[in-house]
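Here are some exercises to work through with the model open beside you. Try each task before reading its solution.

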Amino acid sequence: MSEQDAHRKVALVTGANKGIGRGAAAQLAALGMTVLVGARDPRRGEEAAAALREAGGDVHAVALDVTDAASVRAAARQVEERFGRLDVLVNNAGISGSGPISPDKAVDQVPSTVDLDMVRRVFETNVFGVIAVTNAMLPLLRRSPEPRVVNVSSHAASMTIFADPDGPMAALLPSAAYSPSKSALNALTVQYANELRKDGVLVNAAAPGFVATDSNAHTGVLTVEEGAEVLVRLATLGADGPTGGFFGAEGPVPW
Ligand code: NDP
């Protein structure tokens, strides 16, 4: 590792082979960070990392399935061996459950008919996966002078929005698995922020907005570049930045 490389911040983005995660990886690399593209399919991770390197970034692939304890352990070992620390963790990997969220899939996400196995799968990735990855990376984050953790949440996490029948919830589809999983992720964000505040680890949740990706069959209205901006802002907070917050492009999002 050259002296210049030793001074670069090291960022790991989970589920970064495509979508918002890949957009965040590109922006963090453009800021001069060494970026680790976490991907459960190593081949697709390598392809994404190679494309981002071609654009000039110091980007490397890391095989990482957030639901697989051995894969999480191996990824942490790899980061430790290559870099000795981690400055930024973006917990981006996530699934919606019943395939791309769309009106014809709404019935799959109504609580009275939701498939419990699907709910378990969604929580396995969106909630338990975040705990597994964060805890595995925490010893490495504690070695950073300015550690930052960004949990990629959603406006669908907001109970304030869903509970207001006259509010914007009408535009949100029923979401009996995905929405509670992201609400749980928000609750975890506050728990981690409270525990780690004294260590200078800033932990925040991000709502990227409705971004055109595979998760919504590209019906979203924002580009991945636009959606990734709030993740990058929270990944690069100064020491006086917030912790335990929930932010979208426009600022705080109601819990
Ligand atoms: P995509 O489906 O495009 O990307 C999801 C990424 O997560 C893929 O790289 C996928 O890998 C990865 N992933 C899924 N499961 C795992 C796993 N077990 N281990 C590792 N990686 C995994 O979706 P988006 O880019 O839209 O979503 C990114 C995040 O943003 C998610 O957390 C989502 O909930 C959130 N979000 C998205 C919004 C949107 O409008 N698009 C709105 C609000 C929040 P693979 O390619 O192998 O499937």
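**Exercise 1. The strands around β5**

Task: In this predicted model, find how many bridges join β4 to β5 and in which sense the two strands run. Then continue across the sheet.

Solution. Start at strand β4 (residues 88-91): four bridges join it to β5, and the two run parallel. Within this pairing, Val 90 stands opposite Val 150 in β5.

Next, step over to the other neighbour. β5 and β6 are joined by five bridges and also run parallel, with Val 149 opposite Val 203 in β6.

Now look at how well β5 is covered. Five of its five residues are buried. Arg 148, Val 150 and Val 152 lie on one side, Val 149 and Asn 151 on the other, and both faces are covered.

**Exercise 2. The whole sheet and its edges**

Task: Work out the order of the strands in the sheet. Which strands stand at the edges?

Solution. Reading across, the order is β3-β2-β1-β4-β5-β6-β7-β8, an open sheet of eight strands with mixed pairing. The edges are β3 and β8 (251-252); each has a single partner strand, so one side of each is left without a neighbour in the sheet.

To see an antiparallel pairing, go to β7 and β8, which are linked over two bridges. Here Phe 247 stands opposite Pro 252 in β8.

**Exercise 3. Helix α7 and its packing**

Task: Compare the span of α7 with the expected one, then find which elements its buried residues pack against.

Solution. Helix α7 covers residues 178-196, 19 residues in total. From first C-alpha to last it reaches 26 Å, close to the 27 Å expected at 1.5 Å a residue.

Then mark its buried residues, among them Tyr 178, Leu 185, Leu 188, Tyr 192 and Leu 196. The buried residues of α7 pack against α5 (116-141), β5 (148-152), α6 (159-163), β6 (202-207) and β7 (246-248).

Finish with a charged residue of this helix, Lys 182. Is Lys 182 buried or exposed? The cut-off for buried is 20 or more other C-beta atoms within 10 Å. Lys 182 has 26, so it is buried. Leaving aside neighbours within four places in sequence, its contacts are Asn 126, Ser 153, Ser 154, Ala 156 and Ala 157. The C-alpha atoms of Lys 182 and Val 122 are separated by 9.6 Å, although the two residues are 60 apart along the chain.

**Exercise 4. The nonpolar core**

Task: Find which residues touch the most other members of the largest nonpolar core.

Solution. This core has 71 residues, and those touching the most other members are Ala 11, Ala 25, Leu 28, Val 35, Val 37, Val 90 and Leu 231. By element, α5 gives the most to this core, with eight residues.

Take Ala 11 as a worked case. Beyond four places in sequence, Ala 11 is in contact with Leu 28, Met 33, Val 35, Leu 36, Asp 87, Val 88, Val 90 and Ala 235. The general background is that nonpolar side chains tend to be buried together in soluble globular proteins.

**Exercise 5. A buried loop residue**

Task: Locate Leu 64 and decide whether Leu 64 is buried or exposed.

Solution. Leu 64 sits in the loop between β3 (58-63) and α4 (69-83). Leu 64 counts as buried because it has 29 C-beta neighbours inside 10 Å.

Its contacts, not counting residues up to four places away in sequence, are Thr 14, Gly 38, Ala 39, Arg 40, Ser 71, Val 72 and Ala 75. Leu 64 and Gly 15 are 49 residues apart in sequence and 8.1 Å apart in space, C-alpha to C-alpha.

**Exercise 6. The shell around the ligand**

Task: Which residues are closest to the ligand, and which helix supplies the largest share of the shell?

Solution. The ligand is surrounded by 29 residues, the closest being Gly 15, Gly 19, Ala 93, Gly 94 and Thr 213. α2 (19-30) and α5 each supply at least two residues of the shell, and the largest share, three residues, comes from α2. By class, the shell has nine nonpolar, 15 polar and five charged residues.

**Exercise 7. Two positive phi values**

Task: Where are Ala 217 and His 218, and how exposed are Ala 217 and His 218?

Solution. As background, most residues other than glycine have a negative phi. Phi of Ala 217 is near 50°, and phi of His 218 is near 60°.

Ala 217 is found in the loop between β6 and α8 (224-235), and His 218 lies in the loop between β6 and α8 too. Ala 217 has 13 other C-beta atoms within 10 Å and is partly exposed. His 218 has 10 and is exposed.

Methods. Residues numbered from 1 in each chain as written. Predicted model: local features only at pLDDT ≥ 70, side-chain atom pairs only at ≥ 80, totals over all residues. Expected span 1.5 Å × (residues − 1). Buried ≥ 20, exposed ≤ 12 C-beta atoms within 10 Å, placed from the backbone. Contact = placed C-beta atoms within 7 Å. Near = placed C-beta within 6 Å. Nonpolar A, V, L, I, M, F, W, Y, C, P; charged D, E, K, R; others polar. Core = buried A, V, L, I, M, F, W, Y, C linked by C-beta atoms within 7 Å. Pairing = 2+ DSSP bridges.
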